[in-house]
Amino acid sequence: MAFQKAVKGTILVGGGALASVLGLSQFAYYRRKQVNLAYVEAAECISEAVNKEPPSREAQLLTLRNVSEFDILVIGGGATGCGCALDAVTRGLKTALVERGDFSSGTSSRSTKLIHGGVRYLQKAIMKLDIEQYRMVKEALHERANLLEIAPHLSAPLPIMLPIYKWWQLPYYWVGIKLYDLVAGSNCLKSSYVLSKSRALEHFPMLQKDKLVGAIVYYDGQHNDARMNLAIALTAARYGAATANYMEVVSLLKKTDPHTGKEQVSGARCKDVLTGQEFDVRAKCVINATGPFTDTVRKMDDKNATAICQPSAGVHIVMPGYYSPESMGLLDPATSDGRVIFFLPWQKMTIAGTTDTPTDVTHHPIPSEEDINFILNEVRNYLSCDVEVRRGDVLAAWSGIRPLVTDPKSADTQSISRNHVVDISESGLITIAGGKWTTYRSMAEDTINAAIKAHNLKAGPSRTVGLFLQGGRDWSPTLYIRLVQDYGLESEVAQHLAATYGDKAFEVAKMASVTGKRWPIVGVRLVSEFPYIEAEVKYGIKEYACTAVDMISRRTRLAFLNVQAAEEALPRIVELMGRELNWDDYKKEEELETARKFLYYEMGYKSRSEQLTDHSEISLLPSDIDRYKKRFHKFDADQKGFITIVDVQRVLESINVQMDENTLHEILNEVDLNKNGQVELNEFLQLMSAIQKGRVSGSRLAILMKTAEENLDRRVPIPVDRSCGGL
């Protein structure tokens, strides 16, 4: 692809203490980095957005109903679809977008969270002399730099370490990574470098040190994918696009072309998923940007259309932040089956993935236990034996379906290029398929260029290079300080708001509730371990959130960080949303049930329950069984064979500890496998066996009983907060 002529720009930001807040890589990027980006001249001439704030969903639906004909109708609200809408509307085209679910509810929210060119694709390009792969990498590196510029609050450079365990690999990988820098050219974030063994262990102390030779560190970008997707959608809405989530395309509309006599796609019959109402949305051009569901829409146009997408499932897991350094990722370039595994810090947690397995297309992909264990085993290979990698430390897990473009000559999905294809059917339906998150903007540009040409639309060149996304224009690394000083927010909460909403963080802060404490003055948290506050629920509704699932997974990222914390926050979230959206009790209960089902199946909660069931084996030494029986009987003083809330309260009162009855009920319910309101000795032994094997961690009952046993005579408080909350 031809690139626009580059104009050199420099970003220089002061701030001595910012390194500790932003992380060294992000601080260095804003403090010292000269960034070279491509800008089109016309980008400087784009008029201001027509809406100061995105219109409400109701207003958008009214627009979709009342406009007689749009120039462009985009089907699909993922990164590519929203990118198409933004590209089209900023060229002056009358634009509409409909999405069956929520914005970014599919693959775009379930990525590895990287903005990257693709080191492995460059390797394939060189090894196979594949010019197409090379061009894809170069294009992605250009887009990486642009995305870091237009959404600086949602993205940042991230150093990634490649550990070396054989001497011959050092020059091999060094040359490859240096070529990656070279291909990036003026868009290189920071030069890669080599570390000695000792220096590598300083940067990544939990690394496996046996046979370690050294390491190579290179830079890529990282982002908050769902929030980035939403920022694109909100920006398109502000520029005048009629965008609506929960609008399903039931069928495509067609009319006969008077010049050719052939049927042409002229719009879509749409159904409001929330109300069931249907109406037609007419457009001169319809774009299919539905990711894994590409072929479903193509078959609406032509039932005999051949499939062009081959879906592949990628599973990721989230673990506690102590598994990785705060500002250094890890790349395993050759796993046991030839796949690539990333091990990255993200949102103060650690994300590991991904797998690459052929799959069926579904709206509700489920992470398999096999894939979760595969990732854990690969992580164990690279971490020190001092670090016990436990299955119970998996806080969340998800599966995303990649819409890879089928290559008939390929035997497996790993060798398929993730380059994109723009296809135009005989009836004029334009399909954009394949590609990757990083290149969403250039994919959208190619798609709208094709639409303009195929349908004789009047529009200028693309104007999205250098166009700031929602929240990015007036963001700065020190913005969070103003939030602390002006509103009395906790520093951690202020940093989170600034990094999530950018210059719109002040609007969220204005909606924050008074805590009633000396400090913080405002900002009531949804759950104690995370900086999400209640005001974000109210603001999320302004960002088109319609369900509790939208709120826990894409407006906040709780479901992706810790499913137990997400479940804990759910009742309050539903209460707040119900108040704003006038939900009755039946609707609130329905939202709770749907959200819990989402956590259970799609975010890994099901895997948690399978780690400890009433059929779980008890694999303990006789001495361990005797020890645990003794601990159990300190609570079961009557030798009933089970313990209840009353038994636990009795022990706590004997050491002068008071605990809320609801909390005690929750603690026992975690271990009450047959749900009869009590914990039998056998269930307690099953729990301790699962903990020993690492399948379960952070059990509040186990911690409470152990601490009580140790402190009955010393009368010290017993900590019962959730420890990691592992699955």
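**Getting to know the chain**

Colleague: How many helices and strands are there in the chain?
Modeller: Happy to start there, and please keep in mind that this is a predicted model. Both kinds of element occur in the chain, and the count is 26 helices and 22 strands.

Colleague: What share of the residues in the chain is buried?
Modeller: A residue is called buried when its relative accessible area is under 20%. The chain has 727 residues, and the buried part of them comes to 58%.

Colleague: And among contacts between residues at least 6 apart in sequence, what percentage join residues at least 24 apart?
Modeller: Here we set aside pairs less than 6 apart in sequence and look at the contacts that remain. Of these, the part joining residues at least 24 apart is 73%.

Colleague: Let's turn to a single residue. Is Ser266 buried or exposed?
Modeller: Ser266 sits in strand 11, which covers residues 263-272. Its relative accessibility is 3%, and the cut-off for a buried residue is under 20%. Therefore Ser266 counts as buried.

Colleague: Which residues does Ser266 touch, leaving out those up to four places away in sequence?
Modeller: One set of partners is Leu253, Lys254 and Lys255. The others on the list for Ser266 are Val281, Arg282 and Ala283.

Colleague: How far is the C-alpha atom of Ser266 from that of Gly428?
Modeller: Along the chain, Ser266 and Gly428 are 162 residues apart. In space, their C-alpha atoms are separated by 8.7 Å.

Colleague: Now helix 14, residues 491-501: which of its residues are buried?
Modeller: Several other helices help to cover the buried residues here, including helix 9, helix 13 and helix 17. Helix 15 and helix 16 also belong to that cover. The buried residues of helix 14 are Val493, Ala494, His496, Leu497, Ala498, Thr500 and Tyr501.

Colleague: Which residue follows helix 14?
Modeller: Look just past the end of the helix for a residue with a positive phi, near 60°. That residue is Gly502.

Colleague: Is Arg518 buried or exposed?
Modeller: Arg518 lies in the loop between helix 15 (505-510) and helix 16 (535-542). Its relative accessible area is 76%, and a residue counts as exposed when that value is over 50%. So Arg518 is exposed.

Colleague: Last one: which residues gather in the patch of negative charge on the surface?
Modeller: One member is Glu593, which belongs to helix 20 (residues 585-602). Glu593 is partly exposed, at 43% relative accessible area, and patch residues must have over 30%. The patch gathers Asp584, Asp585, Glu589 and Glu593.

Note on methods:
Residues are numbered from 1 along each chain as its sequence is written. This is a predicted model: local features need pLDDT of at least 70, side-chain atom pairs count only at pLDDT 80 or more; totals for chains, interfaces and linings use all residues. Side-chain values use heavy atoms; hydrogens and water are left out. Patches are made of residues with over 30% relative accessible area and no salt bridge: like charges are joined within 9 Å, nonpolar side chains (Val, Leu, Ile, Met, Phe, Trp, Tyr) within 5 Å. Accessible areas come from the Shrake-Rupley method with a 1.4 Å probe; for residues, only the protein chains shown count as cover. A salt bridge is a side-chain nitrogen of Lys or Arg within 4 Å of a carboxyl oxygen of Asp or Glu. Lys and Arg count as positive and Asp and Glu as negative; His and the chain ends are not counted. The place of a charge is taken as NZ of Lys, CZ of Arg, CG of Asp or CD of Glu. Helices (H or I, at least four residues) and strands (E, at least two) are DSSP runs, numbered from the N terminus. Buried means under 20% relative accessible area, exposed over 50%, partly exposed in between (1.4 Å probe, protein chains only). Contact means heavy atoms within 4.5 Å.
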